[in-house]
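Here's a set of exercises to work through with the viewer open. Try each task yourself before you read the solution under it.

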Amino acid sequence: MLFTRRCVQCLTAVGNRQVIRCCSAAQGEVRVRFAPSPTGFLHLGGLRTALYNYIFAKKYGGVFILRLEDTDQSRLVPGAAESIEDMLEWAGLPPDESPRRGGSVGPYLQSQRLDLYNQTAKQLVESNHAYYCFCSSQRLDLLKKEAVRSGQIPRYDNRCRHLRAEQVQEKLAQGVPHVIRFRLEEGVEPFQDLIFGKNHHDVAQVEGDPVVRKADGFPTYHLANIVDDHYMRISHVLRGSEWLISTSKHLLMYRALGWQPPTFGHLPLLMNKDGSKLSKRQGDIFIQSFQRDGVLPEALLDITTNCGSGFNTNRIGRRIDELISEFNPEKITTHSALIDLEKLPEFNRIHLQHRIENEEQCRLLIKDLQEQIQQAFIAEIQGRDVLHEDYIRRVLHLRKGHISSLKELLSPAYSYLWVRPSISSQQVASLTAEAHHIASLVLKLIAERGEELTVDRLNKDLKTLAKQTKATKYRELMKLLRLTLSGLQQGPSVAEMMVSLGPAEISHRFKKLVLLSETS
């Protein structure tokens with residue numbers, strides 16, 4: 001049995017493969033959906049929900065669907081719908097069916113499915129599971145204020161539920177604005193949640209009858225999501241735990257329509273490390289912000305799953321194929337996942353190293369860095385050689401494991417790689433009076449070594465070189481070499497700097513030192 005603790009589904013063996021048998025879809029077919037509202041851009045909490053749905057689908061050979069719930073027309077954000085799908089693709093979670101890709105059960109925008117919702121709402125009215133409500137917004141506001149004044153939870157009093165048929169027809173004929181409300185029933189049966197186990201919320205005891213179709217003809221979430229899940233043959237609904245309390249209401253609607261519901265699993269919330277709620281007002285939790293800041297998508301997926309549950313192991317550095325293979329739904333706990341974004345640079349460092357070590361991905365990094373170097377330094381670039389693929393590849397391999405993003409290589413600490421430093425005779429004089437002699441020794445060393453420079457060999461060579469100076473100590477020698485190579489007082493080892501720059505550029509910079517020491 002699959003999810004034996006919490007779920008009545010079973011696993012059917014097909015050859016060497018195991019397939020989930022689900023009641024609300026074709027036998028053996030797993031179909032899940034990520035259904036955000038384009039009233040804003042994709043944020044970290046939404047990405048996590050999409051990720052678990054994607055992993056679930058791929059783990060069991062299923063289909064991952066993107067559906068956009070754009071029925072709240074007044075709150076739509078221009079460009080958000082397109083951006084959500086863009087960010088899923090950037091993150092490596094491309095939907096199998098979506099507004100952009102299409103599919104056999106579209107449209108995938110709820111605003112293009114209004115006839116289906118109206119038809120279902122009418123069906124509920126005709127079967128006496130729903131009714132027309134003519135209460136004005138003023139009356140509803142008064143009900144709310146009275147409830148608050150008396151210390152009660154605001155709820156609709158179901159007044160229009162008791163209208164006679166002739167009263168309803170008269171108001172409809174007069175064109176009185178109205179909504180359609182679903183008739184809640186008492187005695188809701190418990191349901192088995194994949195994660196939270198047995199659940200039961202007798203919503204009729206604490207809520208008024210909910211609106212399922214608004215006065216503008218658009219459905220509410222409660223109607224649209226069950227209609228779409230049914231007609232899109234969704235087998236499993238994996239969504240945030242904030243929807244857990246609404247599930248009993250949705251199950252009543254499934255029962256009223258005579259439809260078999262999907263299996264529900266409610267994911268614990270993603271929260272800040274201090275237990276506070278992730279807020280869109282934080283600004284930096286939007287996926288576009290992470291992309292803009294040079295965060296790698298696989299690092300974002302890794303940290304998002306690392307802080308949560310649902311996997312056989314918990315280690316840093318997992319890529320999507322490893323997340324899929326290690327995914328185990330039985331291990332998802334009900335505890336909130338606390339994410340520490342201060343650790344994101346470490347995750348990014350590890351995944352950037354993985355990319356550098358992969359030849360195909362390294363080529364893409366090189367191309368990206370070439371463009372960034374040209375934009376950042378423009379006229380300052382020392383020569384076209386610094387844009388050469390072999391040069392940038394050498395830099396990346398020497399710095400892998402030390403940098404957390406490509407952007408670091410554009411910072412002042414690494415500008416010496418792309419722009420020749422400017423140093424003064426005063427800086428040189430403060431370190432040694434033997435600059436000319438030392439520069440000559442370095443030039444001789446580089447001429448002897450030729451193109452075969454390695455960090456280990458250069459470290460030994462520089463110690464030998466230090467013994468050939470008269471009054472300059474090893475420490476001051478290293479400071480002089482670092483200053484000549486980079487114009488800086490700290491950074492990677494001198495030997496690494498030399499290997500990065502290569503023999504020709506080292507010679508160029510030390511010839512400048514010779515000239516500087518001759519004119520001072």
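**Exercise 1: a three-stranded sheet**

Two bridges join strand β6 (residues 179–182) to β9, and the two strands run antiparallel. Keep in mind that you're looking at a predicted model.

Task: work out the strand order of the open sheet that holds these strands, and find which strands sit at its edges.

Solution.
- Step 1. Start from β6 and β9: Arg181 has Val211 of β9 as its bridge partner.
- Step 2. Now look at β5, which is joined to β6 by four bridges, again antiparallel. Here Tyr132 has Ile180 of β6 as its bridge partner.
- Step 3. Put the pairs together and you get an open sheet of three strands in the order β5-β6-β9, with antiparallel pairing.
- Step 4. The edge strands are β5 (130–133) and β9 (211–213), since each pairs on one side only.
- Step 5. Check the twist: on average, neighbouring strands in this sheet are turned by 45° against each other, direction ignored.

Task: are the faces of β5 covered or open?

Solution. Both faces are covered. Ala130 and Tyr132 on one side are buried, and so are Tyr131 and Cys133 on the other.

**Exercise 2: β10, α8 and what follows**

Task: decide how enclosed β10 is, and find its pairing with β11.

Solution.
- Step 1. Go through the burial of β10 (236–240). Five of its five residues are buried, so the strand is largely enclosed by the rest of the structure.
- Step 2. β10 pairs with strand β11 (residues 263–267) in the parallel sense, over five bridges.
- Step 3. For a register point, take His236, which stands opposite Thr263 in β11.

Task: how many of the residues of α8 are buried, and what does the backbone do just after the helix?

Solution. Ten of the eleven residues of α8 are buried, so to speak mostly covered. Among them are Lys249, His250, Met253 and Tyr254. Just after α8, Gly258 takes a positive phi of about 75°.

**Exercise 3: the span of α12**

Task: test whether the length of α12 fits a rise of 1.5 Å a residue, then see what the helix packs against.

Solution.
- Step 1. Helix α12 (residues 344–357) has 14 residues. The expected span is 1.5 Å times one less than the number of residues, which gives 20 Å here.
- Step 2. The end C-alpha atoms are 20 Å apart, so the two values agree.
- Step 3. Look for the covered side chains: Leu344, Phe347, Ile350, His351 and Leu352 are among the buried residues of α12.
- Step 4. The buried residues pack against α9 (287–292), α10 (297–306), α13 (359–377) and α14 (389–399).
- Step 5. Don't skip Pro345, which is found in this helix. Pro345 is partly exposed, with a relative accessible area of 42%. Its C-alpha atom is 9.9 Å from that of Leu296, although the two are 49 residues apart along the chain.

**Exercise 4: classifying ring pairs**

Task: sort the pairs Tyr221–Trp243 and Tyr391–Trp418 by their ring geometry.

Solution.
- Step 1. A pair of aromatic rings is described by the distance of the centres and the angle of the planes. Planes under 30 degrees apart count as stacked and over 60 as edge-to-face.
- Step 2. Tyr221 and Trp243 have ring centres 4.1 Å apart and planes at 25°, so this pair is stacked. Tyr221 sits in helix α7 (residues 221–231) and Trp243 in the loop between β10 and α8 (247–257), 22 residues apart. Trp243 is partly exposed, at 27% relative accessible area.
- Step 3. Tyr391 and Trp418 have centres 6.0 Å apart and planes at 80°, so that pair is edge-to-face. Tyr391 lies in α14 and Trp418 in the loop between α14 and α15 (425–429), so the pair ties together parts 27 residues apart in sequence.
- Step 4. Both partners are buried: Tyr391 has a relative accessible area of 7%, and Trp418 has 0%.
- Step 5. In the full tally there are ten aromatic pairs. Ring pairs also link Tyr52, Phe56, Tyr60, Phe311 and Phe327 into a cluster.

**Exercise 5: the cores**

Task: which residues have the most contacts inside the largest nonpolar core?

Solution. The core has 104 residues, and Leu44, Leu396 and Trp418 have the most contacts inside it. Helix α19 (residues 494–519) gives the most to this core, with eleven residues. Apart from this core lies another of 36 residues, including Tyr117 and Trp259.

Note on methods: Residues numbered from 1 in each chain as written. Predicted model: local features only at pLDDT ≥ 70, side-chain atom pairs only at ≥ 80, totals over all residues. Heavy atoms only, no water. Pairing = 2+ DSSP bridges. Axes fitted to C-alpha atoms, helices over the stretch in contact; angles between N-to-C directions. Buried < 20%, exposed > 50% of the residue type's maximum accessible area, 1.4 Å probe, protein only. Contact = heavy atoms within 4.5 Å. Core = buried A, V, L, I, M, F, W, Y, C linked by side-chain atoms within 4.5 Å. Phe/Tyr/Trp six-rings, centres within 6.5 Å; stacked < 30°, edge-to-face > 60°.
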